[in-house]
Each structure stands twice: as structure tokens, then as C-alpha cells.
Amino acid sequence: MYADDRSSAFGVPLALGFSPARVALQFLAADWLGGMYLASCFQCSHVADGVATGKHVGGKWAEEQVATTQDYGHGSLLTYLMTGGLNYQVVHHLLPGVSQFHYPSIQPIMSSPSSRSCPVMNSLRTRTRIS
């Protein structure tokens with residue numbers, strides 16, 4: 001966030017007549033809520049059964065990315081939209097420069113048995129499909 005963005009984030013509400021305490025409280029509440037939301041998304045992807053956490057797995061770079069991440073919610077449009085595509089975490093880690101809009105198309109290619117591009121991927125099943 002640039003200095004100009006932060007000043008406008010506070011300056012506009014103050015110019016509209018909101019009290020500095022209310023602006024600060026709402027900013028802190030929004031920041032806390034956003035942080036908790038991101039933490040819950042990251043927890044699903046990185047801190048779960050079957051995911052190597054807190055240690056170096058000793059493999060090659062790609063193998064380490066796959067061992068320390070987990071996908072979830074494939075086929076769920078709601079999960080995809082709510083996480084911004086980060087439910088395809090393995091693809092996100094292996095191909096960080098690719099737009100998240102391509103993750104649902106790339107994931108089946110990478111996880112297919114004939115693919116040599118990716119070792120076994122960690123993935124949770126989706127219980128309900130919304131699409």
C-alpha cells in the first residue's frame with residue numbers, strides 16, 4: 001500500500017465528517033477481519049494432515065512445494081470465488097506467474113497419472129459442488 005492510498009483511506013472518511021476514532025476503529029476492524037479470512041485460507045492450504053509443515057522435506061524445489069501445500073474445493077465455484085483461486089494452492093506454488101483464472105484448467109493436467117511434471121498432489125475432496 002502506498003502512502004497516497006493510506007492517506008486517502010483515512011482522508012476521504014474524515015473529509016465526509018466521520019470522527020477520527022470511528023475511522024480508526026473501522027480500519028482496524030476491516031484489517032482484522034481480512035487478516036483472519038486470509039489466515040483461515042492459508043490454514044486450509046498449509047496446516048493440515050498430510051502436509052509437511054515446519055520442516056524441510058529435503059526434495060527438489062517442486063517436490064517441496066507439493067509436499068508443503070494442499071488443494072481443496074475443486075469443482076466448487078463458491079470456494080474458487082471466495083479464495084480467489086487459492087484453493088488450487090499446489091498450482092499456485094508451482095506456477096506463481098500464471099493467472100488464477102487458469103488454475104482450474106491446469107490442475108487436472110498436472111495431477112493426471114501420465115503427467116511427469118508434478119509428483120503426487122495433496123488434495124481434499126469437496127463435499128458439495130456449486131457450479
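Colleague: Which polar atom lies 2.9 Å from the backbone oxygen of C44?

Modeller: That partner is a polar atom of the side chain of Q70. A polar contact is a pair of N or O atoms within 3.5 Å; within protein, one must be able to donate a hydrogen and the other to accept it, and residues adjacent in sequence count only if both atoms are side-chain atoms. Bear in mind that this is a predicted model, where local features need pLDDT of at least 70, side-chain atom pairs count only at pLDDT 80 or more, and totals for chains, interfaces and linings use all residues. Residues are numbered from 1 along each chain as its sequence is written, and side-chain values use heavy atoms, leaving out hydrogens and water.

Colleague: Is Q70 buried or exposed?

Modeller: Buried means under 20% relative accessible area, exposed over 50%, partly exposed in between (1.4 Å probe, protein chains only). Q70 has 3% relative accessibility, so Q70 counts as buried.

Colleague: And how do I read an aromatic pair?

Modeller: A pair of aromatic rings is described by the distance of the centres and the angle of the planes. Rings of Phe, Tyr and Trp (its six-membered ring) pair if their centres lie within 6.5 Å; planes under 30 degrees apart count as stacked, over 60 as edge-to-face and the rest as tilted. Searching the whole structure gives 1 aromatic pair. Y80 and Y88 form this edge-to-face pair, with 6.3 Å centre to centre and 75 degrees between the planes.

Colleague: What is the relative accessible area of Y80, and what is that of Y88?

Modeller: Y80 has 13% and is buried; Y88, at 7%, is buried too.
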